[in-house]
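Dear colleague,

I am passing on the structure we spoke about, with the sequence alongside. Please look it over first, and then read the notes that follow.

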Amino acid sequence: MATGRTHRPATRSRGIPEATVARLPLYLRALTALSERSVPTVSSEELAAAAGVNSAKLRKDFSYLGSYGTRGVGYDVEYLVYQISRELGLTQDWPVVIVGIGNLGAALANYGGFASRGFRVAALIDADPAMAGKPVAGIPVQHTDELEQIVEDEGVSIGVIATPAGAAQQVCERLVAAGVTSILNFAPTVLSVPDGVDVRKVDLSIELQILAFHEQRKAGELAAASVQPPVVTRRGAADQEPAVDQEPDGDVPAVMPT
């Protein structure tokens, strides 16, 4: 079986922009849902709406893949699923190690979507000796002392870090030294890596803070909209209030003259 160590996706060599690469998984998810419903074709407008992008951007992205669809028919769903899966490197087996089997690491290990998307959890690794040998998601946890040997034996090129922030950099350096060239980082810290190593960071607290910003802004806009400006009415000369001395600009002075 092909492994991640010997096969690399060809997106960069083919000149596909990083922004397009980032959207390919969105298209693939939408296409997979259509495929599961046995939908044979889909228009660019329908697929763009399902993926959350505009149709012009979708057609531009697909042009990098050499896929232009058929006028009046749309795109062949099954072919696009294969085409995007191949471009993302998902038509082969990618062994993955997860380091840090706390609550988050265990949740990741139990995630059922890895296998169906071309990823195989090859090993679970933790620094706690008490965790060694305990099964999580049917996989026995191994101690960090075995990290380098596991990476070599399994041909791992993708590592997932779910450790506390203080341990993440050291784990990262050990993974890289062992031959891992792509890292998915869930630890709340920025990792320093050499050239040639790709890092994707997932920080749930930052995403929540961004959502809090938008909620605060929406609340402020709602409060501003609820404040109605005073209604100014004109009255006739007979029912006007007595005049008071005013400043030249028409404002009532702060201190009334005696």
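**Salt bridges**

By the distance rule used here, the count comes to seven salt bridges, and please bear in mind throughout that this is a predicted model. One of them joins Arg59 to Glu45, with the closest N and O atoms 3.6 Å apart. This pair links distant parts of the chain, since Arg59 lies in helix H3 (residues 55-64) and Glu45 in helix H2 (residues 44-51), 14 residues apart. Neither end is fully covered: Arg59 is partly exposed, with a relative accessible area of 36%, and Glu45 is also partly exposed, at 48% relative accessibility.

A second kind of pair sits within one helix. Glu215 forms a salt bridge with Lys218, the closest N and O atoms being 2.8 Å apart, and both residues belong to helix H9 (residues 204-226), where they are three residues apart, about one turn of the helix. Glu215 is partly exposed, with a relative accessible area of 48%, and Lys218 is partly exposed as well, with a value of 45%.

The salt bridge between Lys201 and Asp203, with its closest N and O atoms 3.6 Å apart, brings together two residues with unlike surroundings. Lys201 counts as partly exposed at 36% relative accessibility, whereas Asp203 has a relative accessible area of 12% and is therefore buried, the cut-off for that term being under 20%. Finally, Asp93, Arg120 and Glu154 are linked in a network of salt bridges.

**How H2 meets H3**

The Arg59 and Glu45 pair belongs to a wider contact between two helices. The axes of H2 and H3 come within 8 Å and cross at roughly 100°, which makes H2 roughly perpendicular to H3. On the H2 side the residues of this contact are Ser44, Glu45, Leu47 and Ala48, and they meet Ser55, Leu58, Arg59 and Phe62 in H3. By character, the residues of the contact of H2 with H3 divide into four nonpolar, two polar and two charged.

**The sheet and the helices on it**

Turning to the strands, there is an open sheet of seven strands, in the order E5-E6-E4-E3-E7-E8-E9, and its pairing is mixed. Strand E5 (135-136) and strand E9 (198-201) stand at the edges, and because each has a single partner strand, one side of each is left without a neighbour in the sheet. E5 is joined by two bridges to strand E6 (residues 139-143), and these two strands run antiparallel; within this pairing, Pro135 has Pro140 in E6 as its bridge partner.

Two helices that pack on the sheet can be described here. Helix H7 (residues 147-154) touches strand E3 (94-99), strand E4 (119-126) and E6, and its direction makes about 165° with that of E4. Helix H8 (residues 165-178) also packs on the sheet, touching E3, strand E7 (158-161) and strand E8 (182-185), with its direction at about 170° to that of E7.

E4 deserves a separate look. How many of its eight residues are buried? Six of them are, so that strand is mostly covered. E3 and E4 pair in the parallel sense over six bridges, and in this pairing the bridge partner of Trp94 is Phe119 in E4. E4 is also joined to E6 by three bridges, again with the strands running parallel, and there Leu124 has Val141 in E6 as its bridge partner.

**A buried serine, and the chain overall**

One more residue may be worth finding on your screen. Ser85 lies in helix H4 (residues 77-88) and is buried, with a relative accessible area of 13%. Leaving aside residues up to four places away in sequence, Ser85 touches Leu28, Leu90 and Thr91.

For the chain as a whole, the secondary structure comes to nine helices and nine strands. Of the 258 residues of the protein chain, 35% count as buried. Among the contacts in the protein chain with a separation of 6 or more, residues 24 or more positions apart account for 58%.

With best wishes

Terms used:
Residues are numbered from 1 along each chain as its sequence is written. This is a predicted model: local features need pLDDT of at least 70, side-chain atom pairs count only at pLDDT 80 or more; totals for chains, interfaces and linings use all residues. Side-chain values use heavy atoms; hydrogens and water are left out. Helices (H or I, at least four residues) and strands (E, at least two) are DSSP runs, numbered from the N terminus. Buried means under 20% relative accessible area, exposed over 50%, partly exposed in between (1.4 Å probe, protein chains only). Contact means heavy atoms within 4.5 Å. A salt bridge is a side-chain nitrogen of Lys or Arg within 4 Å of a carboxyl oxygen of Asp or Glu. Axes are lines fitted to C-alpha atoms, for helices over the stretch in contact, and angles run from 0 to 180 degrees between N-to-C directions. Angles under 35 degrees count as roughly parallel, over 145 as roughly antiparallel, 65 to 115 as roughly perpendicular and the rest as oblique. Ala, Val, Leu, Ile, Met, Phe, Trp, Tyr, Cys and Pro count as nonpolar, Asp, Glu, Lys and Arg as charged, and the others, Gly among them, as polar. Two strands pair if DSSP finds at least two bridges between them.
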